[in-house]
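Trainee: I would like a close look at one part of this model, the aromatic side chains and what surrounds them.

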Amino acid sequence: MLIVVRHGRTEANATRRLQGRLDLPLDEVGIAQAAAVAARIGPVDRVVTSPLLRARQTGDAFEAAERDVDERIIEIDYGPLDGTPLTEVPSSVWESWRADPSWAPPGGESLTAVDERVHRALDDLAADAAERDVVVVSHVSPIKSALTWALGVGTEVTWRTWVAQAAIMRIAISPRGPVLQTFNETAPPVSG
């Protein structure tokens, strides 16, 4: 099973800022979220994380025989927009991204580029995940890319999804390919 997990909360999440490649630690809530998601999933065979601290800290909460870091599952590069409050991102930026997945902010990365690197990483992990439980700890944009990989759909789907902090997506690897089993599970459960 391929179990894709979003990292726990950081101060940038709490203050609604784009994080991108900022290398921020989990805050107290994020540390608790990491422990809760690891407890919900239980021991696994392998943990693969983004190189960013928030993902590595979340991955450290898991009991696992093997641990790896994979640069290909790092968060999208927002370029100079890293650290910007969401309310201050120009509407033209969101409109450009929605209209063209190959568009990127100056010095940043496109959603198409994210898909290319994340899909390659998941293709490389699929054989292992067909035999063992592999947790991948990543970020919003790569997780949405993993969803497009699992469903075999285009990047435009990413704008129709939302990923909670410390959310879980489970993808079974069958002889016919990936099969989405769950999306956006949260731990601890979110009350209505």
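How many aromatic pairs does the count come to?

Mentor: This is a predicted model, and the count comes to 4 aromatic pairs. One of the aromatic pairs is formed by tryptophan 94 and tryptophan 159, with 6.3 Å from centre to centre and 80° between the planes. That pair is edge-to-face, because planes over 60 degrees apart are counted that way. The pair links distant parts of the chain: tryptophan 94 belongs to helix α4, while tryptophan 159 sits in the loop between α6 (140-151) and β5 (167-174), 65 residues apart. Tryptophan 94 has a relative accessible area of 25%, so it is partly exposed. Tryptophan 159, at 24% relative accessibility, also counts as partly exposed. Both residues belong to one aromatic cluster, formed by Tyr78, Trp94, Trp97, Trp103 and Trp159.

Now the nonpolar interior. The largest nonpolar core has 32 residues, and those with the most contacts inside it include Leu2, Val4, Trp149 and Ile171. Elements giving two or more residues to this core are β1 (2-6), α4, α5 (111-131), β4 (134-138), α6 and β5. The largest share, 8 residues, comes from α5. Another core, of 14 residues, lies apart from it, with Ile3, Val47, Phe62 and Ile168 among them. Back in the largest core, isoleucine 171 touches residues including Leu2, Val4, Ala146 and Trp149, with residues up to four places away in sequence not counted.

Conventions
Residues are numbered from 1 along each chain as its sequence is written. This is a predicted model: local features need pLDDT of at least 70, side-chain atom pairs count only at pLDDT 80 or more; totals for chains, interfaces and linings use all residues. Side-chain values use heavy atoms; hydrogens and water are left out. Rings of Phe, Tyr and Trp (its six-membered ring) pair if their centres lie within 6.5 Å; planes under 30 degrees apart count as stacked, over 60 as edge-to-face and the rest as tilted. Helices (H or I, at least four residues) and strands (E, at least two) are DSSP runs, numbered from the N terminus. Buried means under 20% relative accessible area, exposed over 50%, partly exposed in between (1.4 Å probe, protein chains only). A nonpolar core is a set of buried Ala, Val, Leu, Ile, Met, Phe, Trp, Tyr and Cys residues joined through side-chain atoms within 4.5 Å. Contact means heavy atoms within 4.5 Å.
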